[in-house]
Amino acid sequence: VFVALDFPDFNFRLLPVIHAALAPLEELTIAEAGKHLIRLDIATPGRVFTEEERSLHKMLFPQLSLVDFAQLLKAGRWVTIDPGTLVTEQGKPVRDVLLVCDGAAAIEIDGRPIRHTAGLEFLGEVSFLTHDVSSATVRFATPMRCLAWPHDALRALLRESLAIRFALRSVMSGDLARKLKESGPRTMGGP
């Protein structure tokens with residue numbers, strides 16, 4: 001639900017007071033969107049976020065309203081994957097973008113171990129962003145808890161929502177930059 005209120009004589013110095021009064025409603029976001037406009041975003045009625053989802057929103061997607069975050073979650077599905085499962089195979093198509101929330105996976109390029117996943121990170125995002133086959137082979141080393149988005153559903157959502165597109169691309173870019181830095185010259189044929 002999005003509510004826009006226009007108060008020509010509203011004193012915006014009162015926003016912190018209003019926000020503090022409404023703070024127990026964690027689903028509420030208040031922002032000044034213009035000189036005389038207050039924007040209230042109230043999460044989708046009936047949508048209750050799990051602790052895991054609240055944490056994910058706070059850590060990776062704080063720039064998204066809870067309404068947009070609920071849409072992002074709705075486009076995907078939570079999955080638990082057993083150890084030993086092959087998630088992507090280098091040179092083969094990838095169906096889903098995975099956000100690893102718990103567990104570890106081993107990553108190989110050209111049959112050489114490159115690294116293990118660490119904490120919150122995306123898998124299959126390079127294929128998604130480039131519309132190409134997988135750039136690495138990924139096998140889960142431990143039980144994994146992931147948020148999975150089918151490529152087609154995620155692309156459709158990103159066409160519909162600029163806010164979600166910018167937030168997801170920003171998080172993916174940061175994740176890719178970290179991976180490149182951690183991998184260093186090993187993936188480029190260096191030591």
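# Exercises on a predicted structure

On one side of helix 2, Glu-51, Lys-58 and Met-59 are exposed. This side serves as the starting point for the exercises below, which concern a predicted model.

## Exercise 1. The two sides of helix 2

Determine which residues of helix 2 (residues 51-60) are buried, and how they are placed around the helix axis.

Solution. Step one is to list the buried residues: Glu-53, Leu-56, His-57 and Leu-60. Step two is to consider their directions from the axis. These four residues cover an arc of only 100°, which puts them on the same side of helix 2. Step three is to place the exposed residues, Glu-51, Lys-58 and Met-59, on the other side of helix 2.

## Exercise 2. Helix 2 against helix 3

Describe how helix 2 passes helix 3, and state which residues meet.

Solution. Begin with the geometry: the two axes come within 11 Å and cross at roughly 115°. The crossing of helix 2 with helix 3 is right-handed. Next, identify the partners. Helix 2 contributes Glu-53, Leu-56 and His-57, which meet Leu-66, Phe-69 and Leu-73 of helix 3. Sorted by class, this contact has four nonpolar residues, one polar and one charged. Finally, compare with the preceding exercise: Glu-53, Leu-56 and His-57 were listed there among the buried residues of helix 2.

## Exercise 3. The surroundings of helix 3

Establish whether helix 3 is enclosed by the rest of the structure or open, and analyse its contact with helix 5.

Solution. First, name the buried residues of helix 3: Leu-66, Val-67, Asp-68, Phe-69, Ala-70, Leu-72, Leu-73 and Ala-75. Eight of the 10 residues of this helix are therefore buried, and helix 3 is largely enclosed by the rest of the structure.

Second, turn to helix 5. The axes of helix 3 (residues 66-75) and helix 5 (residues 151-160) come within 9 Å and cross at roughly 155°. An angle over 145 degrees counts as roughly antiparallel, so helix 3 is roughly antiparallel to helix 5. The crossing is right-handed.

Third, assign the contact. On helix 3 it involves Gln-71, Leu-72 and Ala-75, and on helix 5 Ala-153, Leu-154 and Leu-157. Five of these residues are nonpolar, one is polar and none is charged.

## Exercise 4. Val-94 and Ser-127

Locate Val-94 and Ser-127, classify each as buried or exposed, and trace their contacts.

Solution. Start with location. Val-94 belongs to the loop between strand 5 (86-88) and strand 6 (96-102), whereas Ser-127 is in helix 4 (residues 125-130).

Then classify. Val-94 has 14% relative accessibility and counts as buried. Ser-127, at 5%, also counts as buried.

Now trace the contacts, leaving aside residues up to four places away in sequence. Val-94 touches Thr-88, Gly-124, Ser-127, Ser-134 and His-151. Ser-127 touches Val-94, Asp-132, Val-133, Ser-134, His-151 and Arg-155. The two residues therefore touch one another, and both touch Ser-134 and His-151. As a last step, consider Val-133: its C-alpha atom is separated from that of Val-94 by 6.3 Å, although the two are 39 residues apart along the chain.

## Exercise 5. Arg-145 and its contacts

State where Arg-145 lies, how accessible it is, and which residues it touches.

Solution. Arg-145 is placed in strand 11 (residues 144-150). With a relative accessible area of 26%, Arg-145 is partly exposed. Excluding residues up to four places away in sequence, Arg-145 touches Glu-52, Trp-78, Val-79, Thr-80, Leu-99, Val-100, Cys-101 and Asp-102. For a distance across the chain, take Ala-104: it is 41 residues from Arg-145 in sequence and 9.5 Å away in space, C-alpha to C-alpha.

## Exercise 6. Positive phi outside glycine

Characterise Asp-110 and His-131 by backbone angle, location and accessibility.

Solution. Consider the angle first. Phi of Asp-110 is near 55°, and that of His-131 is about 60°; both values are positive, and neither residue is glycine. Next comes location: Asp-110 is in the loop between strand 7 (105-109) and strand 8 (112-116), while His-131 is in the loop between helix 4 and strand 10 (137-140). Accessibility completes the description. Asp-110 is exposed, with a relative accessible area of 60%, and His-131 counts as exposed at 61%.

## Exercise 7. The chain as a whole

Summarise the protein chain by its helices and strands, its burial and its contacts.

Solution. The chain contains six helices and 11 strands. Of its 191 residues, 38% count as buried. Among contacts between residues at least 6 apart in sequence, 71% join residues at least 24 apart.

Key
Residues are numbered from 1 along each chain as its sequence is written. This is a predicted model: local features need pLDDT of at least 70, side-chain atom pairs count only at pLDDT 80 or more; totals for chains, interfaces and linings use all residues. Side-chain values use heavy atoms; hydrogens and water are left out. Axes are lines fitted to C-alpha atoms, for helices over the stretch in contact, and angles run from 0 to 180 degrees between N-to-C directions. Helices (H or I, at least four residues) and strands (E, at least two) are DSSP runs, numbered from the N terminus. Angles under 35 degrees count as roughly parallel, over 145 as roughly antiparallel, 65 to 115 as roughly perpendicular and the rest as oblique. A crossing is left-handed if the near helix is turned anticlockwise from the far one by less than a right angle, and right-handed if clockwise. Contact means heavy atoms within 4.5 Å. Ala, Val, Leu, Ile, Met, Phe, Trp, Tyr, Cys and Pro count as nonpolar, Asp, Glu, Lys and Arg as charged, and the others, Gly among them, as polar. Buried means under 20% relative accessible area, exposed over 50%, partly exposed in between (1.4 Å probe, protein chains only). The arc is that of the directions from the helix axis to the C-beta atoms.
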